[in-house]
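Student: I have a structure to read and some terms to get straight. Can we take them one by one?
Tutor: Yes. Ask away, and we will set each value against its definition.

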Amino acid sequence: MYSITSREDLASGIYLFKVEAEDIAKKAKPGQFIILRMDDKGERIPLTIADWDEKTVTIVFMKVGKTTQKLATLSAGDSIADFVGPLGQPTEIESFGRVIVVGGGVGIASIFPLARELKRKRNTVISIIGSRNKDLLFWEDKIRSVSDEVIATTDDGSYGRKALVTQPLKEILEREKIQRVFAVGPVIMMKFCAATTKPFDVKTMVSLNPIMVDGTGMCGCCRVEVGGETKFACVDGPDFDAHLVDFDLLMMRQRAYLDEEKKALEMWEKSCPKS
Amino acid sequence: MPEKLNLNRVPMPRQDPKVRRGNFDEVALGYTEEQALEEARRCIQCKKPSCKEGCPVNVDIPEFINAVRENNMREAVKILQSKNSLPAICGRVCPQETQCEAKCNLAKKSAPIAIGRLERYVADWGRAHPEVTAERERQPFSIVDKKVAVVGSGPAGLTCACDLAKLGYAVTIFEALHVAGGVLMYGIPEFRLPKEIVQSEVDYVKSWGVDIKLNQVIGKTKTVDEILGNGFGAVFLAPGAGAPMFLGIPGENLSGIYSANEFLTRTNLMKAYLFPEYDTPIKAGKRVAVFGGGNVAMDAARCALRLGASEVSIIYRRSKIEMPARAEERENAEEEGIIFRLLTNPLRFIGDDQGRVVAVECYEMELGEPDESGRRRPIRKPGTEFVIEIDTAIIALGTRPNPIVPSTTSRLKLTKWGTIITDEATGRTSRDEIWCGGDMATGAATVISAMGAGKRAAVSIDSYLKSG
């Protein structure tokens with residue numbers, strides 16, 4: 001069992017847990033993920049590592065399906081049955097020069113350790129964080145602490161710029177020479193970030209989030225197409241060259257169990273009316 | 001007056017095919033006491049028993065069968081467990097027909113002794129009488145002041161760990177998944193190997209003091225070199241099957257197309273057949289095509305049937321006699337109504353606008369001259385393309401070695417296929433303190449061959465640590 005040492009409600013429906021997992025904390029690098037299983041009947045779900053210290057690993061998740069709904073009922077002192085990692089390849093981080101890091105929605109959490117490491121490697125880091133509205137935006141200060149410039153956007157203009165993340169992204173690319181772009185967020189956002197940076201010919205890395213089961217390369221559930229080749233996001237990724245990724249295929253594969261997810265969620269909600 | 005030898009083996013009762021195709025309960029029901037005694041009495045107790053030679057873990061076969069004949073189950077359990085830590089598993093999934101039973105002297109004249117069925121009977125009797133297994137001469141744990149690490153808790157890892165623990169070593173197994181057992185848990189279905197039985201054999205291994213650490217992906221959570229630097233004198237690598245192979249044809253990444261590993265893992269390990277009580281879903285669909293001709297293909301097809309599919313086909317490019325699956329498993333599948341589309345090969349998958357598979361286009365094959373595997377090479381028959389409507393496809397073509405352990409361990413020599421080079425007799429790798437067995441050393445093989453490798457490695461590790 002892996003104990004939750006603290007919980008924070010970061011934004012509407014977005015939660016942070018610090019989980020005691022010393023082995024993983026010692027090894028974690030930006031871009032890697034963990035797989036957790038809440039209890040004996042739970043499914044295995046991957047979550048990006050948002051931060052770590054000597055003894056704990058920080059995860060941030062949004063309440064969407066049954067597992068994340070159930071997870072959101074836990075508090076500090078509770079525990080999670082299984083917690084394994086760090087999985088996947090770390091993000092390739094060098095001294096590139098000037099870089100842009102884009103985080104959308106819950107993906108904002110994933111870009112924090114990434115921007116921090118980029119900064120540590122003496123890059124000039126411009127971060128763009130975006131969400132649908134003000135209630136869903138979090139960690140602006142934290143991102144600012146590891147960036148040279150931060151641009152916040154919301155779809156409805158309730159905070160920061162009323163824009164999609166791709167707009168400031170395009171403006172910066174028009175304004176100055178950028179050596180690398182990183183984008184982490186919903187697939188549709190990553191797809192449009194890729195389309196935005198393509199004409200500027202700036203290498204762009206995205207962190208893919210397909211459905212996974214074991215997370216160690218054994219099942220192939222997480223397969224994605226990159227440059228026409230099939231890759232396993234869990235062991236070959238999760239980072240891939242955005243200009244080579246088949247995002248439409250990824251979106252279709254993510255929807256493979258929509259009916260089942262809906263059914264599971266409905267049954268869960270029926271069984272505990274107060275949440 | 002000596003009784004005339006019964007040339008026919010006692011059949012084992014099985015669930016009716018019409019019933020069992022609708023449930024996940026065990027298909028083979030096991031002998032009753034009378035049946036076990038009757039079958040054991042067929043054994044002629046040869047002076048030179050060759051059955052033993054056929055057993056990769058050297059079970060004292062005539063001795064345990066003799067104990068059954070004398071209805072001394074207590075003794076039979078002890079004889080069996082002295083060589084085999086996982087007898088209830090082996091009694092169910094070993095291909096006895098190519099091993100011990102193939103060597104049985106009776107096989108020359110009639111049906112060989114049903115050694116597997118007797119092993120199963122004795123092991124199950126032992127499970128029902130836990131006081132017997134606890135009765136053994138229990139040595140104090142960890143009498144040898146050396147620690148051994150085992151990577152992976154499948155058949156190779158469990159066997160190696162238990163043999164070393166019995167010799168007095170302090171053994172720690174590192175398992176990547178959330179339960180111990182490896183392929184016995186995620187791969188082989190409940191109806192062929194109930195998970196409760198696997199758990200009880202894992203518990204037996206633990207009863208010898210073996211410490212099993214779950215959720216440890218070696219190469220990620222910690223590396224083999226770190227383990228060795230942390231007080232372990234030797235490491236046995238048995239991380240098991242790796243990346244599933246796909247067909248490499250268009251449309252293979254459509255939704256509804258699974259590797260057999262994924263389909264079986266969802267079903268067996270994650271218990272998707274109990275969804276939504278369990279959280280992991282699976283879409284078995286109504287019309288299912290399974291590609292491949294091995295035991296895993298049979299397992300996947302039979303799982304799909306039990307998950308509610310109305311039509312399940314096995315699509316295989318050669319003919320029935322070239323199928324690598326055990327005859328028994330193929331027959332079980334046929335009895336349950338699995339359709340065999342032989343000499344058939346897929347060309348491409350066809351999807352709908354949601355990216356879901358709806359059909360597979362195939363073509364017919366014919367057999368030509370034997371290839372390097374000795375089997376007749378299948379050749380495409382031109383102009384024979386046809387389409388089968390499906391809503392689920394399962395690819396059961398085998399696996400490639402998982403690169404996580406080899407790529408994170410220094411100075412390990414690999415074959416061109418990515419398996420770890422080992423000495424066949426001992427399992428030792430190119431590094432003195434590292435051994436390897438199971439699929440990572442040999443490529444995909446059987447449970448019992450992995451167990452044999454675990455056993456040989458344990459002997460070699462013991463002599464290395466004693467000399468060092």
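Student: What percentage of the 275 residues of chain A count as buried?
Tutor: This is a predicted model, and in it 58% of the residues of chain A count as buried. The cut-off for that word is under 20% relative accessible area.

Student: Why is Glu117(A) called buried?
Tutor: Its relative accessible area is 18%. The limit is under 20%. So Glu117(A) is buried, because 18% falls under that limit.

Student: Where is Glu117(A) placed, and what is it in contact with?
Tutor: Glu117(A) sits in helix α3 of chain A, residues 107-120. Leaving aside neighbours within four places in sequence, Glu117(A) is in contact with Pro30(A) and Ile93(A).

Student: How do you know that the radius of gyration of chain A agrees with a compact globule?
Tutor: Set the two values side by side. A compact globule with 275 residues would have a radius near 19 Å, and chain A has 18 Å, so the two agree. The C-alpha trace of chain A spans about 55 × 40 × 40 Å along its principal axes.

Student: What makes up the secondary structure of chain A?
Tutor: Eight helices and 16 strands. Look at the contacts as well. Among those in chain A between residues at least 6 apart in sequence, 64% join residues at least 24 apart.

Student: Now for the two chains. How many residues of each are in contact?
Tutor: 45 residues of chain B are in contact with 47 residues of chain A. The area buried between the chains is about 3700 Å². Carbon and sulfur atoms give 51% of that area. In chain B, Lys220(B), Asn253(B) and Asp279(B) lose the most area to chain A, together 21% of what that side buries.

Student: Why is the meeting of Lys27(A) and Glu226(B) called a salt bridge?
Tutor: Their side chains meet at 2.7 Å, N to O. The definition asks for a Lys or Arg side-chain nitrogen within 4 Å of a carboxyl oxygen of Asp or Glu. So the pair qualifies, because 2.7 Å is within 4 Å. The count between chain B and chain A is six salt bridges.

Student: What kinds of residues form the side of chain B that touches chain A?
Tutor: They divide into 19 nonpolar, 15 polar and eleven charged. As for polar contacts, the count between the chains is 24 residue pairs, both at pLDDT 80 or more.

Definitions and conventions
Residues are numbered from 1 along each chain as its sequence is written. Chains are lettered from A and ligands numbered from 1 in the order in which they are written. This is a predicted model: local features need pLDDT of at least 70, side-chain atom pairs count only at pLDDT 80 or more; totals for chains, interfaces and linings use all residues. Side-chain values use heavy atoms; hydrogens and water are left out. Contact means heavy atoms within 4.5 Å. Buried area is the accessible area (1.4 Å probe) that two parts lose on being put together, summed over both. A polar contact is a pair of N or O atoms within 3.5 Å; within protein, one must be able to donate a hydrogen and the other to accept it, and residues adjacent in sequence count only if both atoms are side-chain atoms. Ala, Val, Leu, Ile, Met, Phe, Trp, Tyr, Cys and Pro count as nonpolar, Asp, Glu, Lys and Arg as charged, and the others, Gly among them, as polar. Helices (H or I, at least four residues) and strands (E, at least two) are DSSP runs, numbered from the N terminus. The radius of gyration is taken over C-alpha atoms; the globule rule is 2.2 Å times the number of residues to the power 0.38. Buried means under 20% relative accessible area, exposed over 50%, partly exposed in between (1.4 Å probe, protein chains only).
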